[in-house]
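Colleague: I should be grateful for an explanation of the terms applied to this structure.

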Amino acid sequence: MKQVAVSELQEKATVYLTGSEQLAIEHNGEVVGFYYPKKRTKQEEVDRAVKQLSETVQQILAETGMTEDELADLFDTSKPFPYDTDS
């Protein structure tokens with residue numbers, strides 16, 4: 001079980017509350033409560049992972065200006081990596 005200060009929980013609430021780790025919440029060094037996340041079904045875990053992957057891909061596309069096809073080409077092992085300089 002991870003120990004987390006109330007201030008840290010406030011700052012990173014989304015991360016902690018959507019995670020799967022149990023928390024002991026502290027205030028002034030004293031445990032004031034516990035957080036036990038709901039157990040997720042396998043399908044909920046898959047759905048969550050797919051959503052997170054989709055958000056990450058969209059962020060990469062936005063930051064790089066690449067298209068989905070250009071990004072997919074980077075993972076196509078039958079094609080040379082575009083930044084290889086060995087040619």
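Modeller: M1, V31, F34 and Y36 form a nonpolar surface patch with about 430 Å² of accessible area together. This is a predicted model, in which local features need pLDDT of at least 70 and side-chain atom pairs count only at pLDDT 80 or more, while totals for chains, interfaces and linings use all residues. Residues are numbered from 1 along each chain as its sequence is written, and side-chain values use heavy atoms, leaving out hydrogens and water.

Colleague: What makes M1, V31, F34 and Y36 a patch?

Modeller: A patch takes residues with over 30% relative accessible area and no salt bridge, nonpolar side chains (Val, Leu, Ile, Met, Phe, Trp, Tyr) being joined within 5 Å and like charges within 9 Å. M1, V31, F34 and Y36 are therefore grouped as a nonpolar patch. The areas come from the Shrake-Rupley method with a 1.4 Å probe, and for residues only the protein chains shown count as cover.

Colleague: Why is the pair K38 and E44 called a salt bridge?

Modeller: The term requires a side-chain nitrogen of Lys or Arg within 4 Å of a carboxyl oxygen of Asp or Glu. The closest N and O atoms of K38 and E44 are 3.0 Å apart, so the pair qualifies.

Colleague: Why does K38 count as exposed, and E44 as partly exposed?

Modeller: Exposed means over 50% relative accessible area, buried under 20%, and partly exposed in between (1.4 Å probe, protein chains only). K38 has 57% and is therefore exposed, whereas E44 has 30% and is therefore partly exposed.
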